[in-house]
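Visitor: I'd like a close look at one small part of this protein, and then a sense of how the rest fits together around it. Pick one residue and start from there, please.

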Amino acid sequence: MKKMNLLKMGLLFGVMTTSAFAAKYNLKMGMTAGNSQNEYKAAEVFAKELKERSKGEIELKLYGNAQLGKDDLAMMQQLEGGALDFTFSETGRFSTFFPEAEVYTLPYMIKDFEHMKKATATQFGKDLYKKLHDKKGMTVLAQAYNGTRQTTSNRAIKSLADMKGLKLRVPGAAANLAYAKYSGAAPTPMAFSEVYISLKTNAVEAQENPLSTIKAQKFYEVQKYLAMTNHILNDQLYLVSNITMEELPENLQKVVREAAQVAADYHTKLFMEEEANLKDFFKQNGVTITEPNLDEFKAAMKPFYDEYIKKNGKVGEDAIKAIDSVR
């Protein structure tokens, strides 16, 4: 087996030494997050739990900062082929393979993380994860919370009307572009690395990201207004290659699932505790926080929901109904 090392045994004066043993399974996890980010910290817990629960039979090496692929899609491709063992991705990202999965990214579709967990536990969600397993060669081990996207700007956003004409930087994802477009802003796709300087020079007037990212990237230094728009919730899935799981005996497969759940719970705790404290942090750094009426924001997204249903037909309609039913 490609991941199994032969157990190395050494004898010194006829006595077996513990240092002579190596892990039976040396596994790899790739991610885009750097080692100061919450995702990486949670992955460290995953590695620790794997080693302890397997009594040293599993060693997990972490590769952060996109060392093994420019994004999660590149790393998921490696999972499919068995070249990589674990990675992170979010449920909505599966729309690359299965268009109906885009429902999880529709602005205001998901209320909060509890709703997200219920939404992925619907029959629609279960069927989606099964297709991921059967057709893309990877398995969802656990689900964590990864933040909710908010909007910073160089002017106060107190209502939907304040979005009109705002040059809003968004990533190239359809849902983020739709949020900007249908809220009345001017969507401006741009590389993440260019956002800070573009905000500083007013090349763009606003951006949207989870609070943890806003702090980590110091956007609060160049944006003095934060609107709690809560438009897209990000989950984070712990994914494993089916090839990896098939090479592990049943007892270690159980270890992998349990370790992933422990790490995911820690992952969620990190993000939730951080978000609970960040509003005060931003206020202390001179940021004015507004709480616009989100009902009008959600109503403005109807054309995007209609586009989604048009693309996916009855499957799309059923997905929206299923997720709304567990709100």
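Visitor: Let's zoom in on Ala180: is it buried or exposed, and what is its relative accessible area?

Guide: Before anything else, keep in mind that this is a predicted model. In that model Ala180 is buried, and its relative accessible area comes out at 0%. You'll find Ala180 in helix 5, the stretch that covers residues 174-182.

So who keeps Ala180 company? If you skip the neighbours within four places in sequence, Ala180 has contacts with Leu168, Val170, Ala185 and Pro187. You can also pick out Lys164, which sits 16 residues away along the chain, with its C-alpha 9.5 Å from the C-alpha of Ala180.

Now step back to the helix that carries Ala180. Helix 5 packs with helix 11, residues 302-325, at an angle of about 145°, and the two axes are 9 Å apart. On the helix 5 side, the contact uses Ala174, Ala175, Ala178 and Tyr182. Helix 11 brings Pro303, Phe304 and Glu307 to that contact. Sort those residues by type and you get six nonpolar, no polar and one charged.

There's another helix pair to set beside that one. Helix 1 (residues 38-53) packs with helix 9 (residues 250-284) at an angle of about 150°, their axes 8 Å apart. That angle is why helix 1 counts as roughly antiparallel to helix 9. The crossing of helix 1 with helix 9 is right-handed. Residues from helix 1 in this contact include Val45, Phe46 and Leu50, along with Glu49 and Arg53. From helix 9, those taking part include Ala259, Val262, Tyr266 and Phe271, and Glu258 is another one of them. The contact of helix 1 with helix 9 divides into 13 nonpolar residues, two polar and six charged.

Some of those charged names come back when you look at the ion pairs. Glu49, Arg53, Lys254 and Glu258 are joined in a network of salt bridges. As background, side chains of opposite charge can pair when their charged atoms come close. The structure has 19 salt bridges, and three of the pairs are handy to click through.

Start with Lys24 and Glu57, a salt bridge whose closest N and O atoms are 3.3 Å apart. Lys24 belongs to the loop between strand 2 (15-16) and strand 3 (25-30), and Glu57 to the loop between helix 1 and strand 4 (58-63), so the pair ties together parts that are 33 residues apart in sequence. Lys24 is partly exposed, at 34% relative accessible area, and Glu57 is partly exposed too, at 24%.

Next comes Lys131 with Glu100, where the closest N and O atoms of the salt bridge are 2.3 Å apart. Lys131 is in helix 4 (residues 123-136), while Glu100 is in the loop between strand 5 (86-89) and helix 3 (113-120), so this pair ties together parts that are 31 residues apart in sequence. Lys131 is partly exposed at 25%, whereas Glu100 counts as buried at 10%.

Then there's Glu208 with Arg149, a salt bridge with its closest N and O atoms 2.7 Å apart. Here two strands are involved: Glu208 is in strand 9 (residues 206-210) and Arg149 in strand 6 (residues 138-153), so the pair ties together parts that are 59 residues apart in sequence. Glu208 counts as buried with 0% relative accessibility, and Arg149 is buried as well, at 10%.

Two loop residues round out the tour, and both have a backbone quirk. Lys55 is in the loop between helix 1 and strand 4, the loop that also holds Glu57. Phi of Lys55 is near 55°, a positive value in a residue that isn't glycine. With 75% relative accessibility, Lys55 counts as exposed. Asn65 is in the loop between strand 4 and helix 2 (72-81). Asn65 also isn't a glycine, yet has a positive phi of about 55°. Asn65 is exposed as well, with a relative accessible area of 54%. Set that beside the place you asked about, where Ala180 is buried at 0%.

Methods: Residues are numbered from 1 along each chain as its sequence is written. This is a predicted model: local features need pLDDT of at least 70, side-chain atom pairs count only at pLDDT 80 or more; totals for chains, interfaces and linings use all residues. Side-chain values use heavy atoms; hydrogens and water are left out. Axes are lines fitted to C-alpha atoms, for helices over the stretch in contact, and angles run from 0 to 180 degrees between N-to-C directions. Helices (H or I, at least four residues) and strands (E, at least two) are DSSP runs, numbered from the N terminus. Angles under 35 degrees count as roughly parallel, over 145 as roughly antiparallel, 65 to 115 as roughly perpendicular and the rest as oblique. A crossing is left-handed if the near helix is turned anticlockwise from the far one by less than a right angle, and right-handed if clockwise. Contact means heavy atoms within 4.5 Å. Ala, Val, Leu, Ile, Met, Phe, Trp, Tyr, Cys and Pro count as nonpolar, Asp, Glu, Lys and Arg as charged, and the others, Gly among them, as polar. A salt bridge is a side-chain nitrogen of Lys or Arg within 4 Å of a carboxyl oxygen of Asp or Glu. Buried means under 20% relative accessible area, exposed over 50%, partly exposed in between (1.4 Å probe, protein chains only).
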